[in-house]
Amino acid sequence: MLRLSTILLCCTFALAEEQEPLLVQMRVTRLKPTQPARILWRWGGEGLGGQPVHGELTQYLPSKPIIPGEADVKANELDTGDLEIEEKPKDRITVQDDTWVYDYLNPGTWSTPHPLTVFKRDRGRLFLTVTLQGHETATAITDAELEVELLQGKKSLKRFTVAGSDGPTFGVVLPYFRLENGKPTPEFISEFGSLHDYVNQKLAHIQSMPWAKEPVPKLYGIVTDCSGYKEGSGYGCRTSDKATMLAEFQVLRMLGINGTRGCASFVFDLIRRGEGLGKELNRTRFSSTTGYPINSVKYADGRPPQRSPGDGCPFHPINIEGIPIRVKAAVDALLADARAIPFHEVWALTNDEIGTVFDGSPERKSHMGSCPYCRKGFQDFVKAEGRTLKDFGAPDWADIRATYGYWAISYWETKRKYEADVDAATKALKAETEGSLDKNVQNLNTNAADKDADDLDAEIEGKPKKDYAKELIDAEAKLKHLIWSSSVMEVPKEEQKHRLSPEGWNLLSYYSRRFNAETAAGLFQQLQERIGEENAKKQKAIENKENSITARQSWIYSYALRGNTFLMGGHSLGFFDFYQYADNGFVYETSNRDSRVWQWDSYLCDVGRSLSRFRNKQFAIYVKPHRGAPVQRALTAVARGVRSLYWYTYGPDWAKGDTFGGNFSTLEKIGEVSRILALAEEVTYESDWAHQAEVAIVRPRTAEFFSSSASWENGKWVYTALMHSHIPVDPLDEVLLLEKDLARYKVIVICGDHIRRDVAMKLQKWVNDGGTLFTMGRGMAADESDSPLDLMHPLFGLEKRIETQAWASVPRYGATSLGAIRPKGEPAKGAKIQPSNELKCEFIPAVGREVVDAAKGAEVVLKYEDGHPAFIKNKQGKGTAWFATFYAGLEYADETMQRKPFDAAKRACISMPVLSAGVRPVVDADEPMVEGVLLKNSNTGQLAVVLINWKFKLDRPMGLRIRGAGNVSKAFSCALKRDLNVQQNGEFSELTVPQMNEGDILLLK
C-alpha cells in the first residue's frame, strides 16, 4: 500500500503538469534544395479580413553577444578577454540585425517551444499559415515537409507532419474554442493538426450525410469560390499542398458544385484540358470583363488622385471615340476565353456594387451639371422625352441642366482659377520682395516714403494692410485641397437663383435622377449588343448542327452587381431602368440578414423573372448562405427560372473571410438542396410558370424620387401580403406599363404616392376597359413634377383629397435589421377603422392616414370612427378602382416588426381587391408562409411544384391545392424521396405533404 506522502507527491506532480503551459514547436523534415531555414507564421489579412498578424518561431532577442563565424574573423585574432563564449551550435546558422537574432535551422532541428499565446489569439479556430525561408534560396523551395508538436510543459501531447509538395507554405489548425479555461481537451488535441487533416474531417462529415450518395445537378450551373493554394508562397497563399486543395474540391463536388469562379491554377488547367476533376467543374464559370468603358479618376493611398480630361464623362469626345474600341477588346477577350475553355456558359461581371459612372469624374455626381458636354447631353435627353422649355417654365435651354451640380463649377475650371490665384499671389509677393530689395540696395528713400504713405492711407480708410505671403499660402492651400479632395467651387450663394417654375424645378430633378441612371446604364449597351451577336452566332451554328468552334463556345452573359433594390431610394441604378439598356444577364445577391424579410428575395427573383420575360435577360443569382435561408433562397430563384446559382462564397474559411466554408450545418443544407435540384432538374430546368400571373405590382421609379419612407417601405409589405395569400404577381415598372399590353392582367397594384402622368392616363383607360386598379396611402397623388394628379379623382371615387395625417415615422430597412414603426404623436381623434361586412378588421392605423371625401356613387367599404372613408371601391367604365387611405402594407407589417405573428384580417385588406377581380391562387397551401409555384417544362410539358417554406419548419402535415395541373394521381417529393397520393377535385389537385422543412419540389405524375 502506498504511503500517504507518496500519493500526495504524485498528485502534486500531476497538478503541476496540468498547470504547465501549452507549447508549440516545429521543425523542417524535408525541403528542396536542402538547406537551413527559418520558420515564419502569419494569420488574418490577405482576404481573411483585417491586417495580417505575423511572427517567427526562429526569431528572438539576443541574450549575449554573438561571435562571428570563422569566415568573418579568425579565432586567433579574436581577443575575448575574460568573456565566456559558448561553442556555436552546429545545427543552425545564426544571423543578427540591429534588433533580432534569427536561426536558420538545419532540417530535423526543432525550433524553440513557444506558448500558444505567441500567436496573439485565444478564440475560435485559428488557421495558422507557416512559411519557410531558406538560407540560400529564401522562399524558392519545393517538396517541403514540416513537423509540428504540441507540448504541455515537456510532455508531448501530439505530433504530426504537414506537406508542402509545391512550396514552403503550410497550414496548421489551432482549435482554441476546444480549450477549457486554457486547458487542452481530447477534442482540442484531436483537432489540433494540419490543414489537410481539417479538410478531410469536413469531407468525412459531408460523406456521412444520408444524401451523400445521391446524384448532384448536371443541368443547373452551381458555382462557388475555392482559393488559398499557390505554388511557392506569397500573398493569399495558405498552402502549397495540392492534396489539401483537391480535398476541398471533393467537398465542393459533394455539395453539387459543377462550376467555378475563383480556383487554384492547377484546377483551372484540369478544367481546360477536361481531365479528372476538371470534367465535373465545367458547367458554369463566373468571370469578369470591362466595367464602365471610359476612364475614371484613379485613387491611391498616400498620393493625390490622378485625373485626366474625360474622366467619368460619357459625353466627352475622347470617350465617345474610345468606347467602341474598349468594348471590342473586352468582347474579343471573352470570346477567346469562351472558345478556349469548355464551359457551358460564362457570366462576366462588369462592376461589383456598381454606382453611377459620374462618380468616376473629379466632381462626382456634380459633374452632370458642371460639365458642358453633359449639359448638352442632358438637354438632348429631355428633348427626346418630348419636353419643351414651357414644361420647365424656363426662358432658355441654358437653364436646363442636371440638378446634380446645378451651381457647381467644374474641377478643371476651378483648378485653372485656383492656379491663377496662386500665380497672382506669387507675383504680388515677388513684386513686394523685389521692391524692398531694390530700396535697400539703391537706398531710395522715396520708395520708402511712398510705401509708408500707402500704409497710412490704408489705415485711414480702415483697410487692413495686405499680407502677400499669407495670400500665397492660402491660395496654395486651396489648390492643394482641390487636388486632393476634388472640392469644386460653386457660384456664389446670392447668385443661386434658377429661372424655372416650381413645377419645372421638380421636373428637372426627376429627369436628373433618370439621366444619372439611364446614362450610366447606356454605357453597357454596346457591350450587351456585341455579346448578343456572339450568342446569336452560336445559336445559329447549333441549329445548323455545325461541329465548329462557334457551336462549341460558351454562352456569354454580362452582368453588374447593384445594391439590393430594397435598400435604395431612387438615388442610384434601379433594376428596371438599368436593364432597359445594359447587360444581357441579370444577377443580384441575397444580402438581407433579418429573418423577417428573407421572403423579400421572392420579390427580387420575381423582378428577375420579369426582366427575363419582358427584356430577354438571362437570370442568375448569388446566394449568401451565411446570411440565412440558403434552401429557400435557392428554391425561390429556381422557381423564377434561374439556371445558374453562385453560392457566395465557399472560401474556404482558411483562405477567405465572409465565407460559409467552415459552417458544417450550412454545408449540410447546401448539399441537401442540391440533391432536391438534381432529382427535379429534368423538369424544372428550362421551365416557366404553368399559369402566368394575373396581377402586376408596381413600385414606381417616380415615387422613389419623391416619396417618404412610409411610401417606400409600404410596397415591400404589400408584396409580402399577396405572397402570403398565394397570389402570383409580375413586378413591373412605369416603362413596362407604357410599353406592354396590360390586357393580360386582371389587377394592377400601385405602391407609391407619385407616378408618371402618362402612365396614370394609360391606367385610367385600362380600368375603363375592365381592369382593377388598387392603390393605398397617398397612392398616385402626384406626378413627376410633384403636381397633383387630380385627373385620378373620378377614377378612385374621390371628391377631394383633404390632408395627410401622420403620427409615426417608418425607418427604412438597411440590410441588417428591421426596425419598428416609431410613434411621434397621438393618432388623430376618430382614426380607428371600423369593421364591415366585407372586411372584419378593426384597428387604429399605426402610421397615419389620408383624409378624403368620397364622391357620390363610390362604395365605402371601410370607415373610420369619424366617418371619413378608409377603403373605397369605385366602378369606372367596365372596371373597378380600389383606394385604401392608409398604408395597408405597413399595417400588415406592424405586428411582425414587433416580432408578433402576421394579422390575417389586415392581410385581407390587401388580398380582397385582388380576389374580388377573379384572381385565384395557383398553388394554395394551408400555411400562409409556404410559397408554391407551378412550373411547366418548356420542352416536355412536365409539371413540378416548387415549395418554399419561409416559416422554416411545420410541426404538422400541410394541405395543398394545385389549380390547373390536369389529371394528376401522384406527386414525387424530392425532399422526402417518396410518392404522395393526389386527389382530383374539379380543376384542383389536392394532396397532403406529411412533412415540410425548408423546401421541396414535387414532381407531378
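Two strands pair if DSSP finds at least two bridges between them. Strands (E, at least two residues) and helices (H or I, at least four) are DSSP runs, numbered from the N terminus. One such pairing sets Lys-936 opposite Leu-943 in E38.

This is a predicted model: local features need pLDDT of at least 70, side-chain atom pairs count only at pLDDT 80 or more, and totals for chains, interfaces and linings use all residues. Residues are numbered from 1 along each chain as its sequence is written, and side-chain values use heavy atoms, with hydrogens and water left out.

**The six-strand sheet**

- An open sheet of 6 strands follows the order E23-E37-E38-E44-E40-E41, with antiparallel pairing.
- Its edge strands are E23 (687-689) and E41 (978-981), and each pairs on one side only.
- Neighbouring strands of this sheet are turned by 30° against each other on average, direction ignored. Axes are lines fitted to C-alpha atoms, for helices over the stretch in contact, and angles run from 0 to 180 degrees between N-to-C directions.
- Strands E37 (residues 930-937) and E38 (residues 943-949) run antiparallel and are joined by 7 bridges.
- Helix H19 (residues 664-684) lies across E23, E37, E38, E40 (970-973) and E44 (999-1004). H19 runs at about 40° to E44.

**The eight-strand sheet**

- Another open sheet has 8 strands in the order E25-E24-E26-E27-E35-E34-E33-E31, and its pairing is mixed.
- E25 (730-732) and E31 (833-834) are the edge strands, each pairing on one side only.
- E24 (residues 695-698) and E26 (residues 747-750) pair in the parallel sense over 4 bridges. Val-698 stands opposite Ile-750 in E26.
- Helix H21 packs on the sheet, touching E24, E26 and E27. Contact means heavy atoms within 4.5 Å. The direction of H21 makes about 160° with that of E24.
- Helix H17 (residues 600-615) lies across E24 and E25, running at about 75° to E25.

**Helix H25**

- Helix H25 (residues 888-897) is largely enclosed by the rest of the structure, because 10 of its 10 residues are buried. Buried means under 20% relative accessible area, exposed means over 50%, and partly exposed is in between (1.4 Å probe, protein chains only).
- The buried residues of H25 include the charged-type names Glu-891, Asp-894 and Glu-895.- H25 packs its buried residues against helix H21 (709-724), strand E27 (772-776) and helix H26 (904-915).
- Just after H25, Arg-899 takes a positive phi of about 60°.

**Aromatic rings**

- A search of the whole structure finds 47 aromatic pairs. Rings of Phe, Tyr and Trp (its six-membered ring) pair if their centres lie within 6.5 Å; planes under 30 degrees apart count as stacked, over 60 as edge-to-face and the rest as tilted.
- The rings of Tyr-559 and Tyr-622 have centres 6.2 Å apart and planes at 70°, so this pair is edge-to-face.
- That pair links distant parts of the chain, 63 residues apart. Tyr-559 lies in strand E19 (residues 555-559), and Tyr-622 lies in strand E21 (residues 618-623).
- Tyr-559 and Tyr-622 are both buried.
- One aromatic cluster is formed by Phe-315, Phe-358, Phe-378, Phe-381, Phe-392, Tyr-510, Tyr-511, Phe-515 and Phe-705.

**Charges over rings**

- The charged end of Arg-562 sits over the ring of Phe-578, 4.7 Å from its centre. The criterion is NZ of Lys or CZ of Arg within 6 Å of the ring centre and within 35 degrees of the ring normal.
- Lys-906 places its charged end over the ring of Phe-843, 4.8 Å from the ring centre.

**Cysteines**

- The structure holds 0 disulfides. A disulfide here is a pair of cysteine sulfur atoms within 2.5 Å.
- Cys-226 is in no disulfide; the nearest cysteine sulfur, in Cys-263, is 8.2 Å away. Cys-226 is buried, with a relative accessible area of 1%.
- The sulfur of Cys-841 is 3.5 Å from the closest cysteine sulfur, in Cys-909, which is too far for a bond. Cys-841 counts as buried, at 2% relative accessibility.

**Around Gly-291**

- Gly-291 is found in the loop between strand E15 (284-288) and strand E16 (298-300).
- Gly-291 counts as buried because its relative accessibility is 17%.
- Gly-291 touches Thr-350, Asn-351 and Phe-524, not counting residues up to four places away in sequence.
- Gly-291 and Tyr-559 are 268 residues apart in sequence, yet 9.9 Å apart in space, C-alpha to C-alpha.
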